[in-house]
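Reader: I am new to reading protein structures, and I would like a close look at one part, the place where aromatic side chains gather. Could you walk me through that part and what surrounds it?

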Amino acid sequence: MTSADPVPSHPTPPGPGKKPRSPRADAQRNRDKLVQVAGAAFAAADGTVSLEGIARDAGVGIGTLYRHFPTREALVEAVYAAELDDVAASAPALLKDLPPDAALRAWIERYAAFIATKRGMADTLRAGWASGRIATPATRERITAAIATILTAGAEAGPGVGAGAGAGSLRADVEPDDVTVMLLGIFLAGASAHTSGQTGRLIDLVMDALRPPPAR
């Protein structure tokens, strides 16, 4: 059996009219741990990630992994969905603790980590989306919505240092999708060139472009 093969046996489905049982607490913990470990492995990998290695690092047997995720595609889909949920939810969470411009900078770092995880799953995701084995998520829409949330808060916030009179800490005349496109270009270029320093500088330029111009 290869790492991508499904486990040959599956639990018996519930009979007619019966609801599936909720997972036991230990089973849910195992599943969450597998998703967490797999996400870190996909983000760090240069090649194919071993499912046996993921199971070992999560402290479970390969059979446990296959009970939760019968195929590699199932695991990749779960990791991708969890990462997307986290990066989308992090925007309002960051706004609770940070000024909007600082929240945007921190959110971009979180988005960069999401892109890094996606690179490690890219081949499986593309094949799964093309075949229909993996559902196509509304990724761009959710990312753009998160950016819009922070931009709106920044436009309504008090002026930042050097901002013009009445200006917020972030510009109000920016299309959130334009920011999404800029960030995608930065992360894709940075991935091919392996220049983390340049990526940071480009993000700083984006942040400068999103702040209101100084008063004249």
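Author: Happy to! Let's begin with a definition: rings of Phe, Tyr and Trp (for Trp, its six-membered ring) pair if their centres lie within 6.5 Å. Please keep in mind that what you see is a predicted model.

With that definition in hand, look for Tyr-80, Trp-107, Tyr-111, Phe-114, Trp-129 and Phe-187, which form one aromatic cluster. A search of the whole structure finds 5 aromatic pairs. In one of them, the ring centres of Tyr-111 and Phe-114 are 6.2 Å apart and the planes stand at 20°; planes under 30 degrees apart count as stacked, so this pair is stacked. You can find both residues in helix 5, which covers residues 100–120. Tyr-111 and Phe-114 are 3 residues apart there, about one turn of the helix.

Are these two rings buried or exposed? Buried means under 20% relative accessible area. Tyr-111 has a relative accessible area of 3%, so Tyr-111 is buried. Phe-114 has a relative accessibility of 1%, and therefore counts as buried too.

Tyr-111 has a second partner to look at. Between the rings of Tyr-111 and Phe-187 the centres are 5.5 Å apart and the planes are at 75°; because planes over 60 degrees apart count as edge-to-face, this pair is edge-to-face. Here the pair links distant parts of the chain: Tyr-111 sits in helix 5, while Phe-187 belongs to helix 8 (residues 176–193), 76 residues away. Both Tyr-111 and Phe-187 are buried.

Why give two values for each pair? A pair of aromatic rings is described by the distance of the centres and the angle of the planes.

Now follow the cluster outward, to the helices around it. Tyr-80 and Trp-129 are members of the cluster, and you meet both again where helix 4 touches helix 6. On the side of helix 4 the contact involves Arg-72, Glu-73, Val-76 and Tyr-80, and on the side of helix 6 it involves Thr-124, Leu-125 and Trp-129. The axes of helix 4 (residues 72–97) and helix 6 (residues 122–131) come within 10 Å and cross at roughly 105°. Angles from 65 to 115 degrees count as roughly perpendicular, and that is therefore how helix 4 and helix 6 lie to each other. Sorted by class, the contact of helix 4 with helix 6 has 4 nonpolar, 1 polar and 2 charged residues.

Thr-124 deserves a moment of its own. This residue of helix 6 has a relative accessible area of 19%, under the 20% cut-off, so Thr-124 is buried. Leaving aside residues up to four places away in sequence, Thr-124 touches Arg-72, Glu-73, Val-76 and Ile-134.

Trp-107, another member of the cluster, has a neighbour in helix 4. That neighbour is Ser-90, which touches Trp-107 and Arg-110 when residues up to four places away in sequence are not counted. With a relative accessibility of 12%, Ser-90 counts as buried. From Ser-90 to Ala-103 there are 13 residues in sequence and 9.4 Å in space, C-alpha to C-alpha.

Trp-129 turns up once more where helix 5 meets helix 6. The axes of helix 5 and helix 6 come within 4 Å and cross at roughly 75°, and these two helices are therefore roughly perpendicular to each other. Lys-118, Arg-119 and Gly-120 of helix 5 make this contact with Ala-122, Leu-125 and Trp-129 of helix 6. Those residues divide into 3 nonpolar, 1 polar and 2 charged.

Helix 5 also meets helix 1 (residues 25–44): their axes come within 6 Å and cross at roughly 80°. That makes helix 1 roughly perpendicular to helix 5. The contact is formed by Gly-39, Phe-42 and Ala-43 on helix 1, together with Ala-116, Thr-117 and Gly-120 on helix 5. In this contact you find 3 nonpolar, 3 polar and no charged residues.

Finally, step back to the whole chain. The chain has 9 helices and 0 strands. Of its 216 residues, 38% count as buried. Among contacts with a separation of 6 or more, 69% are between residues 24 or more positions apart; the pair of Tyr-111 and Phe-187, at 76 residues apart, gives you a picture of distant parts of the chain being linked.

Definitions and conventions:
Residues are numbered from 1 along each chain as its sequence is written. This is a predicted model: local features need pLDDT of at least 70, side-chain atom pairs count only at pLDDT 80 or more; totals for chains, interfaces and linings use all residues. Side-chain values use heavy atoms; hydrogens and water are left out. Buried means under 20% relative accessible area, exposed over 50%, partly exposed in between (1.4 Å probe, protein chains only). Axes are lines fitted to C-alpha atoms, for helices over the stretch in contact, and angles run from 0 to 180 degrees between N-to-C directions. Angles under 35 degrees count as roughly parallel, over 145 as roughly antiparallel, 65 to 115 as roughly perpendicular and the rest as oblique. Contact means heavy atoms within 4.5 Å. Ala, Val, Leu, Ile, Met, Phe, Trp, Tyr, Cys and Pro count as nonpolar, Asp, Glu, Lys and Arg as charged, and the others, Gly among them, as polar.
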